[in-house]
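Visitor: I'm new to looking at protein structures, and I'd love a guided tour. Could you show me this one and let me ask about it as we go?

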Amino acid sequence: MNISQTPVVPSNASHAVPIARVFDNDRSSAAYRLRIALHLKRLDPKRDPVVIHGAAATHREPVYAGINPQRLVPAIELVDGTVLTQTLAIIEYLDELVPAPPLLPKGAAARAAARSVALAVACDIHPFGTPRVGLYLGETAGLAADAVRDWTRHWVGEGLDSVERLVALHRKGRYAIDDAPGIADIFLAPQALVAERLGFDLGQWPILAKVVASLRRLPAFSETAPA
Ligand SMILES: N[C@@H](CCC(=O)N[C@@H](CS)C(=O)NCC(=O)O)C(=O)O
């Protein structure tokens, strides 16, 4: 990891955001959420890659553990040394500092609905597919690779069944909530990609499939996607 404290002064954002660096990972769906939000806000801070897969993983080593106590990506470091973790917290921080375009809809109920979709993904689906959980199931619980994959597929499938019903309740536009891409979409699109990587056809969730197809036409979602 490079250690640099160069502050980011965004060229197009209406307010300067004092980010020194983003701890990023190309394959991580949580890091993808943050890349989408930064793109929507026209921010392009310095990125420090953190390896989270395989023998070369650096995220559980003392250097990164000293930065993010949870040893997860993404995280951001501000120019004053403050480290912010958890994508929903970081994205809402960006939204407060750079209000345009807004990532939360108008109206308290619509905002709660948008957060409920984001949280359904972040809390109730995403953790089941993380490297740490897969490693525990394989190495400690002794499950074969196929069994780990089936286990992950089960929770991702059941979770997205629920999110399909949730989005059906709240959707009033082209995307998950309305006609502006926001936090519900920022959490949904990366999780949809994980589902596809696990062999799901998004067509089994017709509403989510439509929303994700629309999102993938937006540069903020397509240009920041994991390889
Ligand atoms: N709830 C956290 C999730 C962060 C997370 O689990 N990130 C994954 C990558 S997608 C990670 O760092 N995993 C490392 C591991 O599981 O060991 C957030 O929203 O930021």
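Guide: Happy to! Keep in mind that this is a predicted model. Let's begin with Pro74, a residue in the loop between α2 (62–65) and β3 (75–78).

Visitor: Is the peptide bond from Val73 to Pro74 cis or trans, going by its omega?

Guide: Look at the bond leading from Val73 into Pro74, where omega is near 0°. With that omega, the peptide bond is cis.

Visitor: Which residue in the loop between α2 and β3 has a positive phi, though it is a residue other than glycine?

Guide: Stay in the loop between α2 and β3. One residue there has phi near 60°, a positive value, and it is not a glycine. That residue is Arg71.

Visitor: Where is Pro101, which follows Ala100 through a cis peptide bond?

Guide: Omega is near -5° for the bond from Ala100 to Pro101, and this bond is cis. As for its place, Pro101 is in the loop between α3 (87–97) and α4 (108–124).

Visitor: Now the ligand! Which residue has a backbone N or O atom 2.8 Å from a nitrogen atom of the ligand?

Guide: The closest residues around the ligand are His59, Val73, Gln86, Thr87 and Arg132. One of these places a backbone N or O atom 2.8 Å from a ligand nitrogen. We have met this residue already, before the cis bond to Pro74: it is Val73.

Visitor: How much of the ligand's accessible area does the protein cover?

Guide: Side chains take part in the contacts too: an N or O atom of Arg33 is 3.0 Å from a ligand oxygen, and one of Thr87 is 2.6 Å from a ligand oxygen. On its own, the ligand has 520 Å² of accessible area. The share covered by the protein is 93%.

Visitor: Which element gives the most residues to the shell around the ligand?

Guide: The space that the ligand takes is the largest pocket. Two elements give two or more residues to the shell, namely α1 (29–40) and α5 (131–140). The one that gives the most, with 3 residues, is α1.

Visitor: How many residues of the shell are polar?

Guide: The shell has 14 residues. By class, 5 are nonpolar and 2 are charged. The number of polar residues is 7.

Visitor: Why does the ligand lie between two domains, and which ones are they?

Guide: Think about where the shell residues come from. Both domains give residues to the shell, so the ligand lies between them. They are domain 1 (19–97) and domain 2 (108–222).

Key. Residues numbered from 1 in each chain as written. Predicted model: local features only at pLDDT ≥ 70, side-chain atom pairs only at ≥ 80, totals over all residues. Heavy atoms only, no water. Near = heavy atom within 4 Å. Polar contact = N/O pair within 3.5 Å; in protein donor to acceptor, adjacent residues only side chain to side chain. Areas by Shrake-Rupley, 256 points an atom, 1.4 Å probe, with all protein chains shown as cover. 1 Å grid on protein atoms, 1.4 Å probe; cavity = no way out; pocket = protein on both sides within 12 Å on 5 of 7 lines; lining within 4 Å. Sits in = over half its atoms within 2 Å of the grid points. Helix = DSSP H or I, 4+ residues; strand = E, 2+ residues; numbered from the N terminus. Nonpolar A, V, L, I, M, F, W, Y, C, P; charged D, E, K, R; others polar. Domains from an automatic or database assignment.
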